[in-house]
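Trainee: Could we go through this model together, with the salt bridges as the main topic and the overall fold afterwards?

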Amino acid sequence: MLQELHSLPSGLLETDASGLEAALGQPTLIHLPGDREPPLFVSVLMHGNEPVGWDSIRALLAGYLERFGALHLPRSLSLFIGNVAAAAVGVRHLPDQPDYNRIWPGCESRSTPEHSMMQQVIDIMRQRGIFASLDFHNNTGCNPHYACVNRIDNRYLHLATLFSRTLVYFIRPHGVQSIAMGRLCPAVILECGKVGERHGMDHAREYIDACLHLSSLPEHPVAGGDIDLFHTVAQVKVPEEVSFGFPPSQADILFSPELERLNFRELPRGTALGRVDAHNGVGLDVRDEQGRDVSDRYFHVEDGELRLSLPVMPSMLTCDEAVIRQDCLCYIMERYNDHVPRRE
Ligand SMILES: [Zn+2]
């Protein structure tokens with residue numbers, strides 16, 4: 001299922017995400033030599049409808065080719081191009097495929113050929129050694145560019161703050177790329193805003209270039225003033241059997257059309273996210289990091305409105321109904337700066 005290459009197929013950099021399946025045929029790991037070892041690992045298109053990683057790395061490599069006439073990289077690069085079949089049709093994953101960012105070693109789900117492929121990528125990279133791992137995503141909704149880490153470790157925090165001062169720490173869901181890679185090297189997820197935004201692409205390209213030029217990642221603490229760290233404490237889903245929509249449609253839950261503007265804002269208790277049919281209760285499935293149902297801790301129904309029971313900060317809130325069904329409504333976060341190691 002996995003193809004491994006040691007050079008760039010000709011014409012690949014001119015191919016957009018939707019053409020990669022025709023060009024490569026399958027998920028592909030490409031090793032490119034550079035001046036320093038071990039390689040920087042970059043994964044793109046874990047989600048087929050999030051092209052920012054591919055678009056930024058191909059722009060970066062094309063820039064190197066143009067400047068030097070050959071790919072002369074400051075550090076070796078191992079590029080993993082993930083779900084090309086889903087990218088061909090512009091979806092997160094095909095109906096008969098698992099989510100490529102939930103099946104890395106350490107996940108709880110059943111074994112599929114895709115699970116084995118991710119294990120293979122890990123095994124290959126463990127042998128080669130890895131300087132650091134970057135995994136690129138777009139998201140829906142109005143979110144700032146931010147980086148995610150799964151460990152509070154100075155090297156990981158330095159790698160993340162090189163991208164943004166806004167960081168999110170999480171340890172669930174299991175099976176994501178950065179948790180698996182984070183056992184081998186400093187690893188981050190880069191959330192680069194909505195699909196098609198020029199700024200997201202430029203930011204990602206400059207960030208990869210900066211990482212290729214790093215000689216090492218510092219072990220000393222990040223300056224406290226350089227970081228806004230948040231911890232994901234729960235994931236919010238709408239259960240299969242509950243219908244939802246946005247006004248003026250009819251459904252069990254009618255979310256506010258203003259939802260997306262609430263991302264990364266500290267919301268007071270009592271904030272309403274929409275209207276609900278009271279006999280369904282809050283109608284949401286809210287799980288903490290241990291997988292426990294914490295719906296009643298965060299939400300209640302009052303006057304037919306779905307309201308927050310605690311002050312929280314959401315991320316990834318979206319008005320895209322397909323994303324809400326396939327992934328989730330949002331994540332709930334709390335400020336976590338007190339956990340950042342301090343400078344002496
Ligand atoms: Zn994604």
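Mentor: We should begin with the criterion, since a salt bridge here is a side-chain nitrogen of Lys or Arg within 4 Å of a carboxyl oxygen of Asp or Glu. Please keep in mind throughout that this is a predicted model.

Trainee: With which residue does Asp202 form a salt bridge?
Mentor: Both partners lie in helix α7, three residues apart, about one turn of the helix. An α-helix has 3.6 residues a turn, so residues three or four places apart point the same way. The closest N and O atoms of the pair are 3.2 Å apart, and the partner of Asp202 is Arg205.

Trainee: Is Arg205 buried, partly exposed or exposed?
Mentor: The class called buried ends at 20% relative accessible area, and the class called exposed begins over 50%. Arg205 has a relative accessible area of 22%, and therefore it is partly exposed.

Trainee: What distance should the 16 residues of α7 span, and how far apart are its end C-alpha atoms?
Mentor: The expected span is 1.5 Å times one less than the number of residues. For α7 this gives 22 Å, which agrees with the separation of its end C-alpha atoms, namely 23 Å.

Trainee: Which elements cover the buried residues of α7?
Mentor: The buried residues of this helix include Asp202, His203, Tyr207, Ile208 and Leu212. What covers them includes β3, α2, β4, β5, α5 and β8.

Trainee: How many residues apart are Glu260 and Lys194?
Mentor: These two form a salt bridge, with the closest N and O atoms 3.9 Å apart. Glu260 sits in the loop between β11 and β12, whereas Lys194 sits in the loop between β8 and α7, so that the pair links distant parts of the chain, 66 residues apart.

Trainee: Which residue of strand β9 pairs with Arg335 of strand β17?
Mentor: Arg335, with a relative accessible area of 43%, is partly exposed. Its salt bridge has closest N and O atoms 3.4 Å apart, and the partner is Asp228. This pair too links distant parts of the chain, 107 residues apart, and the residue in β9 is Asp228.

Trainee: Why is the protein chain described as being as compact as a globular protein of that length?
Mentor: The chain has nine helices and 17 strands. The globule rule gives 20 Å for 344 residues, and the chain is described in this way because its radius of gyration is close to that value, at 21 Å.

Key. Residues are numbered from 1 along each chain as its sequence is written. This is a predicted model: local features need pLDDT of at least 70, side-chain atom pairs count only at pLDDT 80 or more; totals for chains, interfaces and linings use all residues. Side-chain values use heavy atoms; hydrogens and water are left out. Helices (H or I, at least four residues) and strands (E, at least two) are DSSP runs, numbered from the N terminus. Buried means under 20% relative accessible area, exposed over 50%, partly exposed in between (1.4 Å probe, protein chains only). Contact means heavy atoms within 4.5 Å. The radius of gyration is taken over C-alpha atoms; the globule rule is 2.2 Å times the number of residues to the power 0.38.
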